[in-house]
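Got your viewer open? Load the model and let's take a walk through it, one selection at a time.

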Amino acid sequence: DLSTPFATIQIWGQVLHNEEQRLSPEQQKALNRILQAGHYGEELIKRILDVEKSDIGNHKMMLENLDMKVFAEEVLDNFKPVAARKNIKLHSEFAGKQLQILSDRQLVSRICENLLSNAIKYTPRGRNVWMSVSEEQEAINIRVRDEGIGIEKEELPYLFSKYAKISTQPTDGETSNGLGLSIVKRIVEEINGKIMC
């Protein structure tokens, strides 16, 4: 049932895609974003079910070399319309040299998208959100920083727990189900990474 709306988006998106030559470059870009979002929604439903069944390890890893600057810029670009609705500016910070990782694009995307979505959700209108990629001690660090009100120190240990409800609230009436960061933690561990706040 949860997948049905996303399947409908994909079907009608494909109808538009078949008439792509009639669309302006900006409309074509918007259409591609719609199709990507529909695909992402379907995959997200599958992942939530994976988490609930505690078998995310069954995801078949598809490893590829990711240029982290190009990758991060694509992720940020996808969030510009959402950020613009709250007049939030997105900033990217990259090390001077090219940084690559061998990992699963879909899983790394889900990590970054969840963190950026939260940063925007909990940041007041007219503020800033940053995403940085750097190399430290033979590891690639991806940091997401915002100008939200923050999290109480005593609540930090529960931040990545399933269905955790902390006192911090979204700033513009957005909803939160308490699942996002627990999914992120599971995925980070799946690809042999670490997450901290």
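Here is a short tour from the sheet to the helices on it, and then to some salt bridges.

**Stop 1: the sheet.** Keep in mind that this is a predicted model. Start by selecting residues 89-94, 128-136 and 139-146, which are S2, S4 and S5. These three strands make up an open sheet with the order S2-S4-S5 and mixed pairing. S2 and S5 are the edge strands: each has a single partner strand, so one side of each has no neighbour in the sheet. On average, neighbouring strands here are turned by 15° against each other, direction ignored.

Now zoom in on S2 and S4. The two run parallel and are joined by six bridges. For one landmark, pick His91 and look across to S4, where Trp130 is its bridge partner. In general, strands of a sheet pair through backbone hydrogen bonds, either parallel or antiparallel.

**Stop 2: the helices on the sheet.** Add residues 68-85, helix H3, to the selection. H3 lies across S2, S4 and S5, and runs at about 175° to S2. Next, add residues 105-121 for helix H4, which packs on the sheet and touches S2, S4 and S5 as well. The direction of H4 makes about 20° with that of S5.

**Stop 3: where H3 meets H4.** Hide the strands for a moment and look at this helix pair. H3 and H4 pack at an angle of about 35°, and their axes are 10 Å apart. The crossing of H3 past H4 is right-handed. Which residues in H3 meet H4? Show Phe71, Glu74, Val75, Leu76, Phe79, Val82 and Ala83 as sticks. On the H4 side, they meet Arg105, Val108, Ser109, Cys112, Glu113, Leu116, Ser117 and Ile120. Colour the contact by residue class and you get ten nonpolar, two polar and three charged residues.

**Stop 4: salt bridges.** The structure has nine of them, and a few are worth a look. Begin with Arg33 and Asp77, whose closest N and O atoms are 2.4 Å apart. This pair links distant parts of the chain: Arg33 sits in helix H2 (residues 25-52) and Asp77 in helix H3, 44 residues apart. Arg33 counts as partly exposed because its relative accessibility is 28%. Widen the selection to Lys29, Arg33, Asp77 and Lys80, and you have a network of linked salt bridges.

Then go to Arg22 and Glu19, where the side chains meet in a salt bridge at 3.3 Å, N to O. Are these two buried or exposed? Arg22 is exposed, at 69% relative accessibility, while Glu19 is partly exposed, with a relative accessible area of 34%.

**Stop 5: helix H5.** Finish by selecting residues 180-190, helix H5. Lys185 and Glu189 both lie in this helix, four residues apart, or about one turn. They form a salt bridge, with the closest N and O atoms 2.7 Å apart. An α-helix has 3.6 residues a turn, so residues three or four places apart point the same way. Glu189 is partly exposed at 46% relative accessible area, and Lys185 is partly exposed too, at 31%.

What is buried in H5? Select Leu181, Ser182, Ile183, Val184, Ile187 and Val188. Last pick of the tour: Asn192, which follows H5 and has a positive phi, near 65°.

Note on methods: Residues numbered from 1 in each chain as written. Predicted model: local features only at pLDDT ≥ 70, side-chain atom pairs only at ≥ 80, totals over all residues. Heavy atoms only, no water. Pairing = 2+ DSSP bridges. Axes fitted to C-alpha atoms, helices over the stretch in contact; angles between N-to-C directions. Contact = heavy atoms within 4.5 Å. Left-handed = near helix turned anticlockwise from the far one by under 90°. Nonpolar A, V, L, I, M, F, W, Y, C, P; charged D, E, K, R; others polar. Salt bridge = Lys/Arg side-chain N within 4 Å of Asp/Glu carboxyl O. Buried < 20%, exposed > 50% of the residue type's maximum accessible area, 1.4 Å probe, protein only.
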